[in-house]
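Grab a viewer and work through a handful of short exercises. Try each task yourself before you read the solution.

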Amino acid sequence: MCRWAAYSGTDVFLEDIISIPAHSLIAQSQKAAECKTATNGDGFGIAWYGQRPEPGLYRDVYPAWSDCNLRALVRQVKSGLFLAHVRASTGSATSRNNCHPFTAGRWSFMHNGQVGGFEKFRRHADMCIPDELYEHRKGATDSEVLFLLALQQGLDKDPKAALERAVARMEALSRARGSTPHMRLSVAMSDGQRLYAARYSSDSIAPSVYYRWSSSMNGWAVVSEPLEQTGEAWNELKPGAFLKLTGEGAEIQPFQPFLE
């Protein structure tokens, strides 16, 4: 399982989320507290938005705690919207193309969880990706397939419904050809304007998600685990919920993939 953090608000240095807090994302790469494995050392990635519609992207296979380039980058780069991820592989190889976030056009996407038995039906999942999106299939993870299916299902028009349909399709494949747990999911994604998150599971164990408004940074943070215990209280995103964060505030809706 993995850990991730995302931010939307006034421009801040990436290090304010990724490396400075007591339980920063880099700290979680070594000592995660609410994760199946405490160590998340199979690579990392950052997608951030600046002056162009498409996000910048930096990913590598090194453990986040040992990459001096990562610390140098987050100390210098400021952004008002970014996603960051540290990876613990659930089966696919440790490679740059398998590191999150994934991007296509103006969209960025990252996932923590698993689609049960994905290795048994990966070919069938790949065949669900339409030709016009298959050029974005660079790696071998279930997460990347989920992202591309959500794009196919209308992520630009209705992010919640598109993600629900993509999750339902992957869960159906797992139920037909894979194994339990069929779906465990926490997701953060952005179109460069808004930040979205979702939490869902086909069983009783949904990966953790928290969010809060920070008055000191004047922005929203949504994370796998609280970055610190000081300041404003963290809110838990309940299982089966979809979160939309904008300049107007936080909006929560039910997240209910429909299995045919």
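The exercises below go through a helix pair, the cysteines, and then a few single residues of this predicted model.

**Exercise 1. Work out how helix 6 and helix 7 are oriented relative to each other, and which residues make their contact.**

Solution. Start with what you need: two packed helices are described by the angle between their axes and the distance between the axes. Here, helix 6 covers residues 142-152 and helix 7 covers residues 159-177. Their axes come within 8 Å and cross at roughly 130 degrees. Now classify the angle: 65 to 115 degrees would count as roughly perpendicular and over 145 as roughly antiparallel. The crossing of roughly 130 degrees fits neither class, so helix 6 and helix 7 are oblique to each other. As for handedness, the crossing is right-handed. Helix 6 brings Asp142, Val145, Leu146, Leu149, Ala150 and Gln152 to the contact, while helix 7 supplies Ala162, Leu163, Ala166, Val167, Arg169 and Met170. Sort those by class and you get nine nonpolar residues, one polar and two charged.

**Exercise 2. Find how many disulfides the structure holds, then decide whether cysteine 2 and cysteine 128 are buried or exposed.**

Solution. The disulfide count is zero. For the second part, recall that buried means under 20% relative accessible area. Cysteine 2 comes out at 6%, so it is buried. Cysteine 128 has 12% relative accessibility, so cysteine 128 is buried too.

**Exercise 3. Describe the surroundings of serine 108.**

Solution. First locate serine 108: it sits in strand 6, residues 107-114. Next, check accessibility: the relative accessible area of serine 108 is 0%, so this serine is buried. Then list the contacts, skipping neighbours within four places in sequence: Ala47, Tyr49, Pro55, Leu83, Phe102, Thr103, Ala188, Met189 and Ser190. Finally, try a distance: from serine 108 to alanine 32, 76 residues apart in sequence, the C-alpha atoms are 24 Å apart.

**Exercise 4. Take alanine 33 and decide whether it is buried or exposed.**

Solution. Alanine 33 belongs to the loop between helix 2 and strand 2 (44-48). With a relative accessible area of 61%, alanine 33 is exposed. Beyond residues up to four places away in sequence, alanine 33 touches His23 and Glu225. Between alanine 33 and phenylalanine 109, the C-alpha separation is 23 Å, with their positions 76 residues apart along the chain.

**Exercise 5. Now do proline 21: where does it lie, and what does it contact?**

Solution. Look in the loop between helix 1 (15-18) and helix 2 (25-31). Proline 21 has a relative accessible area of 9%, so it is buried. Apart from neighbours within four places in sequence, its contacts are Glu15, Asp16, Leu227 and Glu228. Proline 21 and threonine 230 are 209 residues apart along the chain, yet their C-alpha atoms are separated by 9.9 Å.

**Exercise 6. Look at the backbone: which bonds lead into proline 101 and proline 181, and what is the phi of asparagine 218?**

Solution. Histidine 100 and proline 101 are joined by a cis peptide bond, omega about -5 degrees. Proline 101 is in the loop between strand 4 (78-86) and strand 5 (102-104). From threonine 180 to proline 181 the bond is also cis, with omega near -5 degrees; proline 181 lies in the loop between helix 7 and strand 7 (184-190). Asparagine 218 is not a glycine, but its phi is positive, about 60 degrees. Asparagine 218 sits in the loop between strand 9 (210-214) and strand 10 (219-223), and is partly exposed at 39% relative accessible area.

Definitions and conventions: Residues numbered from 1 in each chain as written. Predicted model: local features only at pLDDT ≥ 70, side-chain atom pairs only at ≥ 80, totals over all residues. Heavy atoms only, no water. Axes fitted to C-alpha atoms, helices over the stretch in contact; angles between N-to-C directions. Helix = DSSP H or I, 4+ residues; strand = E, 2+ residues; numbered from the N terminus. Parallel < 35°, antiparallel > 145°, perpendicular 65-115°, else oblique. Left-handed = near helix turned anticlockwise from the far one by under 90°. Contact = heavy atoms within 4.5 Å. Nonpolar A, V, L, I, M, F, W, Y, C, P; charged D, E, K, R; others polar. Disulfide = S-S within 2.5 Å. Buried < 20%, exposed > 50% of the residue type's maximum accessible area, 1.4 Å probe, protein only.
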